[in-house]
Amino acid sequence: MAYCVTPAISGPLLELERQFLDHSTAIERWFREQWHEHAPPFYGSVDLRNAGFKLAPVDMNLFPGGFNNLDPVFLPLCVQAAQAAVERLCASACRLLLIPESHTRNQFYLMNVARLAGILRLTGLEVRLGSLLPEITAPTPLMLPDGSSLMLEPLVREGKRLGLAGFDPCAILLNNDLSGGVPAILQGLDGQCLIPPLHAGWHARRKSRHAAAYERVVQAFSKEIDIDPWRISPAFRVCRGINFHERAGEECLTDQIDALLTDIRRKYRKLGIEDEPFVAVKADAGTYGMGVMMVKNASDVVGLNRRQRNKMAVVKEGLPVGEVIIQEGVRTFETVDGAVAEPVVYMMDHYVVGGFYRVHTARGSDENLNAPGMEFRPLAFDTPGSIPDCDQEPDAMPNRLYAYGVVARLALLAASVEIEEMLPKSGNADETGIRDDMPENVAVP
């Protein structure tokens with residue numbers, strides 16, 4: 001790599017990496033047993049934070065939009081993993097409809113769609129792109145920065161099947177997170193494999209539900225290799241009934257932030273950690289780093305100014321925020337060319353297929369890096385990150401990447417559990433798959 005990666009190195013993380021190395025056989029066996037019980041999502045990406053004393057996921061995306069940021073050297077691995085995912089879900093598939101987001105002007109996102117479509121075609125699938133945009137009424141080419149193009153086509157619904165003119169797909173892959181809800185054209189399909197399932201979209205999904213599932217997964221995993229689960233799991237609380245414009249729910253926010261910060265300080269004192277604790281207050285549904293603020297004192301959320309309230313009040317698609325997750329803040333002490341960085345790991349089926357560093361020159365180690373001005377650098381993979389080298393030190397790059405892969409796969413497994421638990425149940429869900437149950441550690445104002 002032409003750039004300089006400076007990972008966080010300290011005693012506690014070295015101890016954790018050593019545990020991963022010493023128990024790699026048991027870890028892989030444990031994962032194999034878990035994937036026998038839980039079907040992995042088709043794909044996903046995980047944002048990690050490495051604080052030196054803690055390595056934890058802070059976000060899990062089931063509709064990843066950065067395949068263009070992966071190093072091309074790992075294209076064969078992506079194709080192999082995609083092949084396994086296709087065989088698992090629909091072994092006889094020969095035609096696949098890919099439905100992207102409606103960001104027709106976002107060239108970076110369109111490059112992601114092109115890379116994803118290319119991977120899927122190399123698995124032996126005929127892949128075409130259908131658009132949810134009402135203005136797409138005829139095949140529409142979109143030029144890309146590298147000189148290639150994408151062809152968007154209008155969706156055609158015939159009975160309970162969805163496709164394009166003259167194209168009846170076996171499977172439909174969503175690269176659209178459904179933040180604005182499930183369009184009628186996607187509802188009530190029959191006889192086609194729809195992946196991910198509709199209830200995995202942000203109209204139904206909640207970060208707190210994923211956090212609760214991850215917490216349970218980590219508890220089981222930690223017992224297998226005898227580690228403190230806190231080392232790889234951020235604590236969290238939840239507040240509902242929030243309205244930032246009207247300042248509704250401030251009491252819940254201050255109470256839960258104060259309680260969580262108190263717990264973190266207690267843990268820090270016990271472990272001799274001198275860093276100042278902080279929490280991330282996030283919209284409980286949504287992506288793109290919207291609706292996020294970092295807080296070091298409960299009083300920080302009292303009397304927010306208009307700009308701050310506007311920032312927190314809505315997320316993607318202009319949807320209002322009524323629920324927030326308060327997540328333990330995890331610093332990142334990794335840098336790329338001197339700029340603060342965090343690793344993002346990409347997976348297809350249950351395989352790690354690559355990743356990149358999200359880099360931000362204007363942000364600090366305790367700030368949200370998923371913000372305008374961020375850049376992406378491919379992870380310095382010499383191996384896929386799934387093969388540790390026990391002859392090297394725990395912090396050697398192959399072993400650090402293996403640690404990333406272990407924690408990312410734990411988050412992916414939690415997403416599998418989360419999706420299973422969100423399946424519509426009679427009397428407890430609406431037609432979009434939204435369940436009315438809440439995870440543990442929930443406070444309601």
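Contact here means heavy atoms within 4.5 Å, and with that cut-off in hand the reader can follow how the parts of this predicted model are packed against one another.

A convenient place to start is helix α3, which runs over residues 75-90. At 1.5 Å a residue, its 16 residues should span 22 Å, and because the C-alpha atoms at its ends are 22 Å apart, the expected and the modelled spans agree. The buried residues of α3 are Leu77, Cys78, Val79, Ala81, Ala82, Ala85, Val86 and Cys90. An α-helix has 3.6 residues a turn, so residues three or four places apart point the same way. The cover over the buried residues of α3 includes α4 (107-121) and the strands β11 (193-195), β17 (339-348) and β18 (351-360).

From the helix we can turn to the nonpolar interior. In soluble globular proteins, nonpolar side chains tend to be buried together. The largest nonpolar core of this model has 58 residues, and within it Phe20, Phe221, Ile232 and Leu410 touch the most other members. Helix α8, residues 397-421, supplies the largest share of this core, with 15 residues. Another core, of 42 residues, lies apart from it, and among its members are Cys78, Leu98, Val127 and Phe356. Cys78 is also one of the buried residues of α3. Returning to phenylalanine 221, and leaving aside residues up to four places away in sequence, we find that this side chain's residue touches Phe20, Ile27, Trp30, Ile227, Ile232, Val406 and Leu410.

Charged pairs form another layer of the picture, and the count comes to 24 salt bridges. In one of them, glutamate 153 pairs with arginine 128, the closest N and O atoms being 2.7 Å apart. Since glutamate 153 belongs to strand β7 (residues 149-154) and arginine 128 to strand β5 (residues 126-131), the pair ties together parts that are 25 residues apart in sequence. Glutamate 153 has a relative accessible area of 10% and is therefore buried, whereas arginine 128, at 21% relative accessibility, counts as partly exposed.

A second salt bridge joins aspartate 228 to lysine 267, with the closest N and O atoms 2.9 Å apart. Aspartate 228 lies in the loop between α5 (207-225) and β12 (236-240), while lysine 267 lies in helix α6 (residues 250-271), so this pair ties together parts that are 39 residues apart in sequence. Aspartate 228 is partly exposed, with a relative accessible area of 29%, but lysine 267 is buried, with a relative accessible area of 17%.

In a third salt bridge, between aspartate 366 and arginine 331, the closest N and O atoms are 3.7 Å apart. This pair links distant parts of the chain, 35 residues apart, with aspartate 366 in the loop between β18 and β19 (375-378) and arginine 331 in the loop between β15 (323-328) and β16 (334-336). Aspartate 366 is buried, at a relative accessible area of 15%, and arginine 331 is buried as well, at 11%. Elsewhere, Asp47, Arg49, Glu342 and Arg358 are linked in a network of salt bridges.

The last stop is serine 233, which is placed in the loop between α5 and β12. Its relative accessibility is 11%, and serine 233 therefore counts as buried. Not counting residues up to four places away in sequence, serine 233 touches Lys54, Ala56, Tyr214, Glu215, Val218 and Glu328.

Note on methods
Residues numbered from 1 in each chain as written. Predicted model: local features only at pLDDT ≥ 70, side-chain atom pairs only at ≥ 80, totals over all residues. Heavy atoms only, no water. Helix = DSSP H or I, 4+ residues; strand = E, 2+ residues; numbered from the N terminus. Expected span 1.5 Å × (residues − 1). Buried < 20%, exposed > 50% of the residue type's maximum accessible area, 1.4 Å probe, protein only. Core = buried A, V, L, I, M, F, W, Y, C linked by side-chain atoms within 4.5 Å. Salt bridge = Lys/Arg side-chain N within 4 Å of Asp/Glu carboxyl O.
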